[in-house]
There are 2 protein chains.
Amino acid sequence: MHSAAPQPLDRVFAALADPTRRAILARLAAGEATVNELVAPFDLSQPAISKHLKVLEGAGLVSRGRSAQTRPVRLNAAPLERAAQWIGDYRRFWEESLDQLDAYVKVLNRKEMRHAGKRRRK
Amino acid sequence: MHSAAPQPLDRVFAALADPTRRAILARLAAGEATVNELVAPFDLSQPAISKHLKVLEGAGLVSRGRSAQTRPVRLNAAPLERAAQWIGDYRRFWEESLDQLDAYVKVLNRKEMRHAGKRRRK
DNA sequence: CAGCTATATTACCAAACGGTAATATAAGAG
DNA sequence: CTCTTATATTACCGTTTGGTAATATAGCTG
């Protein structure tokens, strides 16, 4: 049983897990848009986009205004900060492995140089 | 129909959307663990954890060794880098809003100082 | 070999997801 | 008031997800 209200991070990451929703956010980074403007490029029905918007709204990533007969959607990036923080706690781990990879590459390069003379760096 | 292979980011974000899986990653940040060591703290059945591990593995966030009769799980943070990059593209948006908040806070502080004298900074 | 331990796999279930078509509602325009 | 446009809601469907219990497999150990 897992009936407790989902944590914000759950919803943020879940929202980001869908490429359509990421694309919507990318579009909104260029400025507000109406729902129809968001429907156009996606080859999805309008209700589908409205659903995605509801998910994004539930994650706090998007908010809506009331402008005449249209309801413009705008990006709200604040929740991304918490997500970035969470991921950031692991930065040292991927940097470690990059370091290791880097070291490994260096070893390889040294070997190759010893065996085959100069080798061009990619 | 959406049958194309899911992109790595999809799977990474989807994997991160579950708190149990985030907790597993947190545990692995402290070092390798066997499956049973991961089962213990979570009040979930062993198959449930194995399933979560499969999801994490599918996202490339975890890899497994073969050490005698146990199969130690270790963190592989590399995919988090791409996720961090993706989110990072939106940093300016949340910093913008933070700036606004910050400005607002400054206004408040000024008001309070005017009204109530010196105020300690957190 | 037999038995124990660690892990994976299977079968099953309820709930959530991602989509559609059809319909309802809201609000400006004539 | 009626028409039209923009958006939301409903009803429905197949697939995926997160969990379980039961069972199978792998590999030490006696």
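Reader: What makes the pair formed by Arg66(B) and a phosphate oxygen of DNA strand D a polar contact?

Author: First, a caution: this is a predicted model. A polar side-chain atom of Arg66(B) lies 3.0 Å from that phosphate oxygen of DNA strand D. The cut-off for a pair of N or O atoms is 3.5 Å, so this pair counts as a polar contact.

Reader: And how do you know that Arg71(A) has a polar contact with DNA strand D?

Author: Here a backbone N or O atom of Arg71(A) lies 3.4 Å from a phosphate oxygen. That is within 3.5 Å, so the pair counts too.

Reader: Which part of DNA strand D does Gln46(A) reach?

Author: A base nitrogen, with a polar side-chain atom of Gln46(A) lying 2.8 Å from it. Gln46(A) is also among the residues that come nearest to DNA strand D, along with Asn36(A), Ser45(B), Lys51(B) and His52(B).

Reader: How many residues surround DNA strand D, and what kinds are they?

Author: There are 22 around DNA strand D. They divide into six nonpolar, nine polar and seven charged. As for the strand's own atoms within 4 Å of the protein, 60% belong to sugar or phosphate, the rest to bases.

Reader: Over to DNA strand C. What makes Ser50(B) a polar contact there?

Author: An N or O atom in the side chain of Ser50(B) is 3.0 Å from a phosphate oxygen of DNA strand C. Set that against the 3.5 Å limit and it qualifies, so we call it a polar contact. Lys54(B) has a polar side-chain atom 3.2 Å from a phosphate oxygen of DNA strand C, and for Arg66(A) the figure is 3.1 Å.

Reader: Which residues are closest to DNA strand C, and which elements supply its surroundings?

Author: The closest of its 20 residues are Ser45(A), Lys51(A), His52(A), Asn36(B) and Gln46(B). At least two residues each come from α4 (46-58) of chain A and from α3 (35-39) and α4 (46-58) of chain B.

Reader: Now helix α2 of chain B: why is Leu25(B) called buried?

Author: Buried means under 20% relative accessible area, counting protein chains only, and Leu25(B) falls in that class. Other buried residues of this helix include Ile24(B) and Leu28(B).

Reader: What makes the start of α2(B) a place with a polar contact?

Author: A side-chain oxygen of Asp18(B) reaches to within 2.7 Å of the backbone nitrogen of Thr20(B). The limit is 3.5 Å, so this one counts as well. Just after α2(B), Gly31(B) takes a positive phi of about 130°.

Technical notes
Residues numbered from 1 in each chain as written. Chains lettered and ligands numbered in written order. Predicted model: local features only at pLDDT ≥ 70, side-chain atom pairs only at ≥ 80, totals over all residues. Heavy atoms only, no water. Buried < 20%, exposed > 50% of the residue type's maximum accessible area, 1.4 Å probe, protein only. Helix = DSSP H or I, 4+ residues; strand = E, 2+ residues; numbered from the N terminus. Polar contact = N/O pair within 3.5 Å; in protein donor to acceptor, adjacent residues only side chain to side chain. Near = heavy atom within 4 Å. Nonpolar A, V, L, I, M, F, W, Y, C, P; charged D, E, K, R; others polar.
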